[in-house]
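Let's work through some exercises together, one step at a time. Keep the structure open beside you as you read.

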Amino acid sequence: MYGEIRITAINKRKPRKAYEGVYLKCLVIGASGLVGRELASRLAANDETAVTFLSNPIEIKGAEAHRLDLANPGSATELIGSFKPEIVFHLAANPSVDWHEREQAAAYAVNVACAIAISRKTREIGAKLAYLSSAFVFPGFGKFYSEEDIPAPVNFYGATKAAAESAVRANPNHVIVRTDQIYGPHKAGQKKSFVVSTLEKLSQGKKAEVCRDWMNCPTYYGDLAAVLMHLASSEKTGTYHAAGPDFIDRYDWALRIAAAFGKDASLVAGIESATLDLPAKRPNVRLSCGKLMQETGIRMKGVDEGLVEMMRHV
Ligand SMILES: NC(=O)c1ccc[n+]([C@@H]2O[C@H](COP(=O)([O-])OP(=O)(O)OC[C@H]3O[C@@H](n4cnc5c(N)ncnc54)[C@H](OP(=O)(O)O)[C@@H]3O)[C@@H](O)[C@H]2O)c1
């Protein structure tokens, strides 16, 4: 027992050489989430891996699993101190943007206070820190946002992600990956992505009301897992944008989902987000991913290609 942390399994396997010249011992914080699970499964196939979850217990073959609540930053640092990973992937966050707007003190504790603690601890033990951030650090004014642009969030979620980024940078051996609207096949207990929730409604013959005025760069979860692995296991440090190349509104996206999965597109109805009266503003941010492509050669899938790939897994 480590305070809030319960060890459910111990992996005694020695780290193996997984990438060019790099021996990896990895901790994935937030491994029960959409990207975290995929990333952890890929890592555990080769590397000594520990994973964390909060409310959705997971079992990943070859990985030791810990329950961890970031509301208690000490539990994260204790786990890092005892497991001594070479790389910490920090992917955990409450998925609701509106929750952050309503519960600002709790959101600050989970997203920012914990990032400060995790950054300090990883620096202390000489581990690399890979952090998954968001396009929502930007205000979204109809331009391509590069890694050089200065964050100026319009909602509290974005503000906590920007503050967490600053905390992460206190460990010089870090990578920050900013992304947008992640989608992929759904596993039990996981948050449903826009694709999965839209598909569910269409499959049940229900109307899918989607915001015409919300625009995103939909990002396929497998691509993001590959980017995180690549950047974290290389010598690279700094901030990278990794999102799909299409910048589309939710109505267009929903129509493409209907087309890809052979559903009735007439069930898709466009609405204006103002009618939902949500507490958090949604910026329409277009991320430029040129740096990622130039430096790594990684190409992110567009929506249609990603949906085809997703069909192979559902
Ligand atoms: N989803 C998107 O479209 C999107 C876009 C941009 C950036 N991001 C960022 O990308 C990261 C991963 O996103 P995702 O969509 O893969 O996440 P997700 O599916 O919502 O999973 C979130 C993960 O964080 C864990 N978690 C939540 N609150 C926690 C807490 N208080 N303490 C410890 N763990 C906690 C969850 O655990 P349980 O499930 O076990 O409770 C889960 O493992 C997040 O940092 C998010 O801010 C996401």
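## Exercise 1: A strand and its partners

Strand 4 (residues 25–29) and strand 7 run parallel and are joined by four bridges. Strands pair when DSSP finds at least two bridges between them. Helices (H or I, at least four residues) and strands (E, at least two) are DSSP runs, numbered from the N terminus. Before going on, note that residues are numbered from 1 along each chain as its sequence is written. This is a predicted model, in which local features need pLDDT of at least 70, side-chain atom pairs count only at pLDDT 80 or more, and totals for chains, interfaces and linings use all residues.

**Task.** Find which residue of strand 8 is the bridge partner of H90.

**Solution.**
- Step 1: Begin with strand 4, where I29 stands opposite H90 of strand 7.
- Step 2: Move on to strand 8, which runs parallel to strand 7 and is joined to it by four bridges.
- Step 3: Read off the partner of H90 in strand 8: Y131.

**Task.** Sort the residues of strand 7 (residues 87–90) by the way they point, and decide whether they are buried or exposed.

**Solution.**
- Step 1: Recall the cut-offs: a residue is buried if 20 or more other C-beta atoms lie within 10 Å of its own, exposed if 12 or fewer, and partly exposed in between, with C-beta atoms placed from the backbone.
- Step 2: I87 and F89 point one way, while V88 and H90 point the other way.
- Step 3: All of these residues are buried.

## Exercise 2: The nonpolar core

**Task.** Name the residues with the most contacts inside the largest nonpolar core.

**Solution.**
- Step 1: Such a core is a set of buried Ala, Val, Leu, Ile, Met, Phe, Trp, Tyr and Cys residues joined through C-beta atoms within 7 Å.
- Step 2: The largest one has 89 residues, and V28, F89 and L228 have the most contacts inside it.
- Step 3: Helix 7 (residues 221–233) gives the largest share of this core, eight residues.
- Step 4: Now look around F89. Two residues are in contact if their C-beta atoms, placed from the backbone, lie within 7 Å. Leaving out residues up to four places away in sequence, F89 touches C26, V28, I29, L39, A130, L228 and A232.

## Exercise 3: The whole chain

**Task.** Work out why the radius of gyration of the protein chain agrees with that of a compact globule.

**Solution.**
- Step 1: The radius is taken over C-alpha atoms, and the globule rule is 2.2 Å times the number of residues to the power 0.38.
- Step 2: For 314 residues a compact globule would have a radius near 20 Å; the protein chain has 19 Å, so the two agree.
- Step 3: Add the dimensions: the C-alpha trace spans about 55 × 40 × 40 Å along its principal axes.
- Step 4: Complete the overview with ten helices and 18 strands, and with 46% of the 314 residues counting as buried.
- Step 5: Among contacts between residues at least 6 apart in sequence, 77% join residues at least 24 apart.

## Exercise 4: Around the ligand

**Task.** Describe the shell around the ligand by class.

**Solution.**
- Step 1: A residue is near a molecule if its C-beta atom, placed from the backbone, lies within 6 Å of it.
- Step 2: There are 29 residues around the ligand, and G33, L54, L70, A93 and P95 come nearest.
- Step 3: Ala, Val, Leu, Ile, Met, Phe, Trp, Tyr, Cys and Pro count as nonpolar, Asp, Glu, Lys and Arg as charged, and the others, Gly among them, as polar. The shell then has 15 nonpolar, eleven polar and three charged residues.
- Step 4: Helix 1 (34–44) and strand 8 (128–134) each supply at least two residues of the shell, and helix 1 gives the largest share, three residues.

## Exercise 5: Two loop residues

**Task.** Decide whether K84 and Q181 are buried or exposed.

**Solution.**
- Step 1: K84 sits in the loop between helix 2 (73–83) and strand 7, and Q181 in the loop between strand 10 (174–179) and strand 11 (182–183).
- Step 2: K84 is exposed because it has 12 C-beta neighbours inside 10 Å.
- Step 3: Q181 has 20 other C-beta atoms within 10 Å, so Q181 is buried.
- Step 4: Finish with the backbone: phi is positive, near 50 degrees, in K84, and also positive, near 25 degrees, in Q181.
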